[in-house]
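Colleague: Hey, got a minute to walk me through this one? I'm new to it.

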Amino acid sequence: MEASAGTALYPAHRCKTIYLVRHAQGIHNVEGEKDFAAYKSHALLDAQLTPLGWSQVDTLREHVTKSGLAKKIELVVVSPLLRTLQTAVGVFGGGNYTDGASASPLMVEGAGNSGRQPISSLNCPPFLAVEACREHLGVHPCDKRSSITKYRTLFPAIDFSLIENDEDVLWEPDVRETNESVALRGMKFFDWLWTRKEKEIAIVSHSGFLYHTLNMYGKECHPTIAEELGKHFANCELRSMVLVDRSNLGSDSSTYNFAGKIPAGLDMPSDVADEKHAEEASKN
């Protein structure tokens with residue numbers, strides 16, 4: 001059988017499984033499809049989910065629960081915009097929050113004009129808001145976030161500690177981030193994931209961010225794989241991927257590897273013995 005370069009092997013401890021999710025339908029998706037100019041409307045500032053969007057959240061939640069994925073995820077990383085925060089807690093959060101519970105809710109009742117019951121932070125992974133996985137920055141008010149102070153009142157159990165500025169200093173009214181900049185930001189974000197100890201991570205982000213980042217990775221793949229990576233995400237679509245550490249970014253050792261030779265004993269493999277014998281013979 002001839003050797004093939006169509007496959008690759010990597011040590012398991014140099015791989016993470018990531019679950020990429022685009023937010024559910026937001027009010028900006030509806031208005032923007034009717035009229036592209038609506039994306040520049042300040043009425044869509046930090047756009048929230050539509051009622052249909054919340055139905056999409058419920059459907060995806062049912063899927064991740066029935067498939068067993070909900071029990072595997074160790075961390076949820078979320079873009080700090082209202083529509084992604086709502087999607088993340090709705091899909092991966094705990095059940096309905098009960099007054100007097102021992103932990104703060106992930107989302108308070110009615111957050112972001114949702115009309116939804118509060119969501120518990122019990123029996124679910126931790127949630128971490130990260131600016132690096134935001135949508136294109138600038139020009140479109142729907143992509144400008146609210147203050148972290150406001151978000152902390154709406155989503156008390158989400159960790160916003162990595163966000164340095166209370167107000168959105170990254171969004172500019174007259175400058176739209178380039179596609180290339182989004183892709184490079186996305187690749188740096190995926191590199192950053194290797195600073196985390198978790199091996200199964202959900203990421204709730206945006207169409208443009210996911211599309212341009214994955215297309216950048218696709219440049220190194222077979223055309224069929226590149227095409228698969230490069231498809232636009234539907235609202236509330238989830239795709240699972242393996243993130244490989246090819247540059248020794250991570251420092252974790254394997255949990256499952258075992259050194260062997262315990263107790264110690266003679267164990268020279270026959271192929272090594274053959275090589276050693278041949279080497280000694282060549283010296284004589």
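Modeller: Sure. Keep in mind that this is a predicted model. Let's start with the second largest pocket, which holds about 300 Å³ of space. Of the 15 residues lining that pocket, Ala12, His13, Lys199, Thr255 and Tyr256 are the closest to its centre.

Colleague: Which element gives the largest share of that lining?

Modeller: Strand S1 does, with three residues of the second largest pocket's lining.

Colleague: And how do the residues of that lining divide?

Modeller: Five are nonpolar, six polar and four charged.

Colleague: OK, what volume does the largest pocket have?

Modeller: About 1,100 Å³. It's lined by 29 residues, and the closest to its centre are Tyr217, Cys221, Leu229, Val242 and Val244.

Colleague: Which elements give two or more residues to that lining?

Modeller: Strand S1 (15-22), helices H6 (179-192), H7 (207-218) and H8 (223-229), and strand S5 (238-244). S5 gives the most, with six residues.

Colleague: How many of the largest pocket's lining residues are nonpolar?

Modeller: 18 of them, alongside five polar and six charged ones.

Colleague: Switching topic: how many helices and strands does the chain have?

Modeller: Nine helices and five strands. From the N terminus the order goes β-α-α-α-β-α-β-α-α-β-α-α-β-α.

Colleague: What share of the residues is buried?

Modeller: 44% of the 284 residues in the chain. As for the accessible surface, that comes to about 16,000 Å², with 52% belonging to carbon and sulfur atoms.

Colleague: And what box do the C-alpha atoms fill?

Modeller: Roughly 85 × 45 × 35 Å, taken along the principal axes.

Definitions and conventions:
Residues numbered from 1 in each chain as written. Predicted model: local features only at pLDDT ≥ 70, side-chain atom pairs only at ≥ 80, totals over all residues. Heavy atoms only, no water. 1 Å grid on protein atoms, 1.4 Å probe; cavity = no way out; pocket = protein on both sides within 12 Å on 5 of 7 lines; lining within 4 Å. Points joined across faces, edges and corners; volume = space filled by probe spheres on them. Helix = DSSP H or I, 4+ residues; strand = E, 2+ residues; numbered from the N terminus. Nonpolar A, V, L, I, M, F, W, Y, C, P; charged D, E, K, R; others polar. Buried < 20%, exposed > 50% of the residue type's maximum accessible area, 1.4 Å probe, protein only. Areas by Shrake-Rupley, 256 points an atom, 1.4 Å probe, with all protein chains shown as cover.
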